[in-house]
Amino acid sequence: MVSEKIVVVEDETDIREVLVYNFEREGFVVWGAADGRYALKLIQNKKPDLVLLDLMLPGLDGLSICKELKNDNITATIPIIMVTAKGEESDIVAGLELGADDYVTKPFSPKELIARVKAVLRRGRVLLTELDHNCIERNGITVDIERHTVFVDGEPVSSFTATELKLLYFLALNAGRVFTRDHLLSRVMGEDSFVVDRNIDVHIQAIRKKIGRERKIIETIRGIGYRFRD
Ligand code: CA
């Protein structure tokens, strides 16, 4: 099996070294970067499978790096996990809207971070195989676009509006990933002029009510947005 490649962008030497050590031990090929500008060059050169990105950096900050990577076709598909400090919710929201895949808040354990990295890499692979299907099953919830039906533990629930169906499908397809309200608005309802209510919270509440006992599958991430539990 070919080793997956990771770039760790972190200016705190201790943290960076611990991460590089732990990911190498897990079989990844790892490069570390402490400076934002150097990190951007390194990522463009190495084209890793994933980037761990600290936000507060000398040279060029993490959000600017994220923006540069997502604006370039060659690097746009590289998953990014942001490494953030407590109280940086607005930066997390900005990063997710720029296209970052996930975030972890300091302090975190290397073990937790490794699990998150593996989940993001796995998700990327699953998405490719499910992209053209109109039916998805996650954690007991099945969303069938063609039959316009949601099944909860095998039982059909058919009173979903087209918007709710699309929203639930999108969240389930990207299970484990956090989306901001703006992101959901543009990704799910963006081009759809039939949507009357553009308030995401209203649609989420309606979905939860309809899926009943499994309602907790859609989590509210305070200050950030929503996530379908992985
Ligand atoms: Ca930092």
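At what angle do α6 and α8 pack, and how far apart are their axes? This tour of a predicted model begins with that pair of helices and ends at the calcium ion.

**First stop: α6 and α8**

Select helix α6, residues 162-173, together with α8, residues 200-211. The two helices pack at an angle of about 85 degrees, and their axes are 10 Å apart. An angle of 65 to 115 degrees counts as roughly perpendicular, and α6 and α8 are therefore described in that way. To see the contact itself, display the side chains on both helices. From α6, the residues involved are Thr163, Glu164, Leu167, Leu168 and Leu171. They meet Ile200, His203, Ile204, Ala206, Ile207, Lys210 and Ile211 of α8.

**Second stop: the largest nonpolar core**

Keep Leu168 and Ile211 selected and add Ile218. Within the largest nonpolar core, which has 28 residues, these three touch the most other members. Two or more residues of this core are given by each of β7 (141-144), β8 (149-152), α6, α7 (181-189), α8 and β12. The largest share belongs to α6, which contributes eight residues.

Next, centre the view on Ile211. Leaving aside neighbours within four places in sequence, Ile211 is in contact with Ile141, Val150, Val152, Phe160, Leu168, Ile217 and Ile218. A second core, separate from this one, consists of 27 residues, among them Leu40, Val51, Met82 and Ile221.

**Third stop: a sheet of three strands**

Now select β10, β11 and β12. These strands form an open sheet in the order β10-β12-β11, with antiparallel pairing. At the edges are β10 (178-180) and β11 (218-221), each of which pairs on one side only. On average, neighbouring strands in this sheet are turned by 30 degrees against each other, direction ignored.

Look more closely at β11 and β12, the latter covering residues 225-228. Four bridges join the two strands in the antiparallel sense. Select Thr220, and Tyr226 in β12 will be found opposite. Then bring back α6: this helix lies across β10, β11 and β12 and runs at about 70 degrees to β12.

**Fourth stop: Leu60 and its surroundings**

Move to Leu60, in the loop between β3 (50-54) and α3 (62-70). Is Leu60 buried or exposed? Its relative accessible area is 13%, and since buried means under 20%, Leu60 is buried. Not counting residues up to four places away in sequence, Leu60 touches Gly36, Arg37, Leu40 and Ile65. For a sense of distance, select Phe160 as well: Leu60 and Phe160 are 100 residues apart in sequence and 45 Å apart in space, C-alpha to C-alpha.

**Fifth stop: α3 and α4**

From Leu60, continue into α3 and add helix α4, residues 89-98. The two pack at an angle of about 10 degrees, with axes 9 Å apart. That angle makes α3 roughly parallel to α4. Leu63, Cys66, Lys67 and Lys70 of α3 make the contact with Asp91, Ala94, Gly95 and Leu98 of α4.

**Last stop: the calcium ion**

Finally, select the calcium ion. Which residues are its protein donors? They are Asp11 (OD), Asp54 (OD) and Met56 (O), at 2.2 to 2.3 Å from the ion. Along the sequence, the donor residues follow the spacing D-x42-D-x1-M. Compare two of these residues in a surface view. Asp54 counts as buried because its relative accessibility is 4%, whereas Met56 is exposed, with a relative accessible area of 59%.

Methods. Residues numbered from 1 in each chain as written. Predicted model: local features only at pLDDT ≥ 70, side-chain atom pairs only at ≥ 80, totals over all residues. Heavy atoms only, no water. Donors = N, O, S within 2.8 Å, 3.2 Å for Na, K, Ca; no water. Buried < 20%, exposed > 50% of the residue type's maximum accessible area, 1.4 Å probe, protein only. Pairing = 2+ DSSP bridges. Axes fitted to C-alpha atoms, helices over the stretch in contact; angles between N-to-C directions. Contact = heavy atoms within 4.5 Å. Core = buried A, V, L, I, M, F, W, Y, C linked by side-chain atoms within 4.5 Å. Parallel < 35°, antiparallel > 145°, perpendicular 65-115°, else oblique.
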